[in-house]
Amino acid sequence: MELLNNLILIFRRKKKEIKGVRKQVSSAPEEGSTHPAGKSEQNNNPDNIRRNEPGKENKESINKVQNKPKTVGELRASGYRPVSIREEMRRNIISMIKGNKKIFPGIIGYDETVIPQVENAIISGQDIIFLGERGQAKSRIMRLLVELLDEEIPVIKGCEINDNPFSPICKSCREIVARDGDATEISWLSRKDRYGEKLATPDTTIADLIGDVDPIKVAEGRYLSDELTIHYGLIPRTNRGIFCINELPDLAERLQVGLFNLMEESDIQIKGYRIRLPLDIFLVASANPEDYTSRGRIITPLKDRYGAQIRTHYPVTIKDEVTIVEQEWQRFSGDELEYYVPDYIKEVIAEITHLARKSPDISQRSGVSVRVSIANQETVVANAIRRAITLGEKLAVPRISDLGYILASTTGKVEMESFEDTDEEKIVGDLTRKAVLGVFNRHYQPGELEDIVQQFNGGFSVETSETTSARSYVRNMKEIRGMAKAVRVMTDSETPEIVASIVEFILEGLHLNKRLNKSRVQGKTVYKR
Ligand SMILES: [Zn+2]
């Protein structure tokens, strides 16, 4: 009977531990993982938008729809004053700075470098080019610029280029306003529809970006020189909005000329016809710094046109890298299985990426994206889940031995300087060992673990593998004097799966500090003296 009671007690305690872990797991995403696209909607409404469009609640928005001017005349009577996109963004960012609002939610590690420069560019009304290697949140910042626009603006109904109701620039709208005057119908364009983006490739055409002659309109009997025959490209369609060109140096020179003419002279030239089209666009671009500065990739006048050249960068600290990974890595809900990622694993993953960014074996020109860290964390968690299922364990906790699997999620995202496959494995393996050593030595002084090392004298050895059960590690911990204390440096938990992960971290750390030998025997790792 007493035995049974004890068993129940143990069972309850274990259950509590797991619960504790689960709490930790489920609270983690809230720390900052909300996708900025979802979050910004609520957080980022610049105050002054409501000057024209009061209210955001359901009830109020019904009123809003009813009260919103529907014609040019009503709009004029409402006192609405359209402003240029630069004025609009400037006014809204100033109001956000005043209100101490976070302007780029979800962007980590740029508070003192990139963000102030973006703010300056917008306050000074300058077009921006972001220079940076891949995976430095350039696209994300560009998309977040939309949040600096008014919630909605009025446009002439049906206009392909979002004409300002008071001063239309397209021929068709000018004709409509001349005919209908104040009765001209308007519609309201939401800010998410005022953003355009194009990845520049060598085969991007004038037709894509600027426009083309529409053969159907010509067939209807219009002359080629008639502005009404134009089928507008992406840029004119983003009139009164933000247009981003990714990888600007990949744009053919004649397109760069076309872009420059449009920005500087408000001219568009299609198939030899020149049309004046004073578009109002906030232009943003991105480029790899080496492409951008290399001679001849960008025509000089276009380069001069970008007022602000802002250099992005990778997370400076391991902490920032870990925070970004925590925010971005893909979790699945609905699994019965719980998982828990110990901090040291997160640090090791971030450290591997940081070391890769300094490695002479890896192309630094293309860079090592934060996406490498994100994918690697997903991989080690996946491997831990696979193990937990196989072993029938309740909690999936990644271990050092899972890190061997990051080869798959690393090699596709970085470019090696050499071309042999065998090198990739060695390079990633070396980076991993260096990272584990670095993280280990930040948490432990190897000298304070001498007691553990001594016990390996005289033939004692410990076997580990990615498929060894957590209980077996717990037995090791109890057998090796000082191990339990060393484990407590990293965790208060007694959950076997967590303990197992940390025991392995300590053994590997001692090995990397040359205190223990390590050999591989039939898929198992043996630590001994
Ligand atoms: Zn128009």
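Start by selecting strands E15 (residues 517–521) and E16: the two pair in the antiparallel sense over five bridges. The model on screen is a predicted one.

Zoom in on Arg-520, whose bridge partner in E16 is Thr-525. Then look at the hairpin that E15 and E16 form, with two residues between the strands. Select Gln-522 there; this residue takes a positive phi near 45°.

Stay with E16, which covers residues 524–528, and color its side chains by face. Thr-525 and Tyr-527 make up the covered face, while Lys-524, Val-526 and Lys-528 sit on the uncovered one.

Next, add strand E14 (residues 461–464). E14 also pairs with E16 in the antiparallel sense, over four bridges. To see one residue pair between these strands, select Glu-463 and its bridge partner in E16, Val-526.

Move on to two helices, H21 (residues 470–479) and H23 (residues 496–512). Their axes come within 8 Å and cross at roughly 60°, which makes H21 oblique to H23. The crossing of H21 past H23 is left-handed. To display where the helices meet, select Ala-470, Arg-471, Tyr-473, Val-474, Asn-476 and Met-477 in H21. On the H23 side, select Pro-496, Glu-497, Val-499, Ala-500, Val-503 and Glu-504.

Now go to helix H22 (residues 483–490) and pick out Val-489. Is Val-489 buried or exposed? Val-489 is exposed, because 12 other C-beta atoms lie within 10 Å and a residue with 12 or fewer counts as exposed. Leaving aside neighbours within four places in sequence, Val-489 is in contact with His-443 and Tyr-444. Draw a distance between the C-alpha atoms of Val-489 and Tyr-444: the separation is 8.2 Å, although these residues are 45 apart along the chain.

For the last stops, turn to the nonpolar cores. The largest has 63 residues. Select Ile-128, Ile-129, Leu-248, Val-284 and Ala-285, which touch the most other members of that core. Strand E10 (residues 282–287) gives the most to this core, with five residues.

Center the view on Ile-129. Not counting residues up to four places away in sequence, Ile-129 touches Leu-248, Ala-285, Ser-286, Ala-287, Tyr-306 and Gln-309.

Finish with another core, of 59 residues, that lies apart from the largest one. Ala-384, Ala-396, Ile-400 and Ile-498 are among its residues, so select these to locate it.

Technical notes: Residues are numbered from 1 along each chain as its sequence is written. This is a predicted model: local features need pLDDT of at least 70, side-chain atom pairs count only at pLDDT 80 or more; totals for chains, interfaces and linings use all residues. A residue is buried if 20 or more other C-beta atoms lie within 10 Å of its own, exposed if 12 or fewer, and partly exposed in between; C-beta atoms are placed from the backbone. Two residues are in contact if their C-beta atoms, placed from the backbone, lie within 7 Å. Two strands pair if DSSP finds at least two bridges between them. A nonpolar core is a set of buried Ala, Val, Leu, Ile, Met, Phe, Trp, Tyr and Cys residues joined through C-beta atoms within 7 Å. Axes are lines fitted to C-alpha atoms, for helices over the stretch in contact, and angles run from 0 to 180 degrees between N-to-C directions. Angles under 35 degrees count as roughly parallel, over 145 as roughly antiparallel, 65 to 115 as roughly perpendicular and the rest as oblique. A crossing is left-handed if the near helix is turned anticlockwise from the far one by less than a right angle, and right-handed if clockwise.
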